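Trainee: I would like a close look at a single part of this complex, namely the core of the longer chain and what is packed around it. Could you take me through it in one connected account?

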Amino acid sequence: MKYEKKFRQEEQQQVSENQLQSQQTIHDFATPEDMLRFDAKQTMTPNSVAERLNRSLKNQPRLAQPWWKRLFS
Amino acid sequence: MDKPLIEQAPPAQLLPDLASEELTALYQAHHREIFYLNLRLLGDPQRAEDATHDVFLKAFTKWKDFRGDSSCRAWLYRIAINHCSNLRQTWHNRHIFPAEEDFVEDNAPANTDSPLRVLEIKELGDRIQKTLDGLPEEYRLLLLLVADQELSYDEVAALTGQTPDAVRGKLHRARKAFTAQFQKTA
């Protein structure tokens with residue numbers, strides 16, 4: 001019983017902290033750019049882009065090497 | 001040839017098979033901002049993914065021609081802006097609209113985020129997209145570029161075809177328009 005109460009208190013505290021953190025991070029923007037920066041940070045590039053790029057590059061003609069690489073390789 | 005910003009790239013992990021370490025570093029250093037710009041200009045995660053692929057493929061094939069006159073970042077932005085502009089002018093763009101639910105996955109926050117936070121971030125992303133969609137194209141692009149703190153006003157001016165002074169003047173109006181439009185999305 002005692003543990004359950006403590007657990008609930010901790011859970012409530014965690015929820016409150018999360019809410020506070022969310023409110024602080026999401027709603028406190030001085031400028032539209034700040035909001036866009038925050039939004040950009042939350043946006044992840046899908047891994048499939050890198051995989052597709054690899055596939056596409058394999059199907060492309062070999063990229064030309066710089067002259068100094070060709071010379072010394 | 002001095003090609004700035006490449007040295008900022010973290011170790012290559014995502015693209016082990018790429019043609020060279022240099023290209024891998026280019027991708028690692030800039031894929032996030034390019035994807036974000038594509039996403040907010042096109043308003044659709046799937047199309048932003050396609051565009052990001054196309055932009056980097058174009059950059060990789062043109063890499064040997066890049067003279068370092070601008071930063072790599074600005075060069076990639078130029079390719080992305082042109083690519084998105086072309087896409088937006090196509091018939092498909094004028095007639096096919098993205099589904100609302102597509103936005104759920106694209107703004108995928110870190111797994112450690114609470115469900116409440118995930119919802120809030122998703123809601124914010126949706127509102128930002130609606131807000132940007134409601135702005136004149138010039139303001140939308142200006143705000144997205146200025147939001148990238150690694151771009152100078154000179155670079156933003158070059159990318160938008162204006163003087164730095166004009167950028168500063170329009171930025172003020174763009175901010176006001178964004179704020180007014182954002183309030184309408186509540």
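Mentor: Confidence should come before any reading, since this is a predicted model. In chain A the mean pLDDT is 73, with 47% of the residues at 70 or more. Within chain A, helix 1 (residues 2-27) has the lowest confidence, at a mean of 56, whereas helix 2 (residues 32-42) has the highest, at 95. Chain B has a mean pLDDT of 83, and 77% of its residues reach 70 or more. For the complex, the predictor gives an ipTM of 0.79 and a pTM of 0.74.

Confidence also varies along chain B, where helix 5 (residues 102-106) is lowest at a mean of 45 and helix 7 is highest at 97. Two stretches call for caution. Residues 1-14 of chain B stay under a pLDDT of 50, although the model has 28 contacts for them beyond four places in sequence. Residues 100-106 of chain B are likewise below 50, and that stretch has 13 contacts in the model beyond near neighbours in sequence.

As to the overall make-up, chain B has 9 helices and 0 strands, and 37% of its 186 residues are buried. Of the contacts in chain B with a separation of 6 or more, 58% are between residues 24 or more positions apart. Chain A, for its part, has 4 helices and 0 strands, and 16% of its 73 residues count as buried.

Chain B is divided into domain 1, residues 1-99, and domain 2, residues 107-186. The contact between them takes 11 residues from domain 1 of chain B and 11 residues from domain 2 of chain B. On the side of domain 1 that touches domain 2, the elements giving two or more residues are helix 1 (21-42) and helix 3 (72-89) of chain B. Helix 3 of chain B supplies the largest share of that side, 5 residues. By class, that side of domain 1 of chain B is made of 4 nonpolar, 3 polar and 4 charged residues.

This brings us to the core itself. The largest nonpolar core has 49 residues, and those with the most contacts inside it are L76(B), L142(B), L143(B) and L145(B). Helix 1 of chain B gives the most to this core, with 11 residues. Because domain 1 and domain 2 of chain B both give residues to the core, it lies between them.

From L76(B) one can look at the packing residue by residue: leaving aside neighbours within four places in sequence, L76(B) is in contact with H30(B), I34(B), V55(B) and A59(B). A second residue worth following is L141(B), which is placed in helix 7 of chain B. L141(B) counts as buried because 23 other C-beta atoms lie within 10 Å, where the cut-off for burial is 20 or more. Not counting residues up to four places away in sequence, L141(B) touches I81(B) and T160(B). By contrast with those contacts, L141(B) and S20(B), which are 121 residues apart in sequence, are 32 Å apart in space, C-alpha to C-alpha.

Beyond helix 7 the chain enters a loop, and D148(B) is found there, between helix 7 (137-146) and helix 8 (153-160) of chain B. D148(B) has 19 C-beta neighbours inside 10 Å and therefore counts as partly exposed, since a buried residue needs 20 or more. D148(B) and V55(B), the latter being one of the contacts of L76(B), are separated by 93 residues in sequence and by 18 Å in space, C-alpha to C-alpha.

In helix 8 of chain B, the residues E155(B), V156(B) and L159(B) are buried. They lie on the same side of helix 8 of chain B because they cover an arc of only 100° around the axis. This can be set beside a general point: an α-helix has 3.6 residues a turn, so residues three or four places apart point the same way. The buried residues of helix 8 of chain B pack against helix 3, helix 7 and helix 9 (164-184) of chain B. Just after helix 8 of chain B, G161(B) takes a positive phi of about 70°.

Note on methods. Residues are numbered from 1 along each chain as its sequence is written. Chains are lettered from A and ligands numbered from 1 in the order in which they are written. This is a predicted model: local features need pLDDT of at least 70, side-chain atom pairs count only at pLDDT 80 or more; totals for chains, interfaces and linings use all residues. pLDDT is the predictor's confidence in each residue, from 0 to 100. A residue is buried if 20 or more other C-beta atoms lie within 10 Å of its own, exposed if 12 or fewer, and partly exposed in between; C-beta atoms are placed from the backbone. Domain bounds come from an automatic or database domain assignment. Two residues are in contact if their C-beta atoms, placed from the backbone, lie within 7 Å. Ala, Val, Leu, Ile, Met, Phe, Trp, Tyr, Cys and Pro count as nonpolar, Asp, Glu, Lys and Arg as charged, and the others, Gly among them, as polar. A nonpolar core is a set of buried Ala, Val, Leu, Ile, Met, Phe, Trp, Tyr and Cys residues joined through C-beta atoms within 7 Å. The arc is that of the directions from the helix axis to the C-beta atoms.
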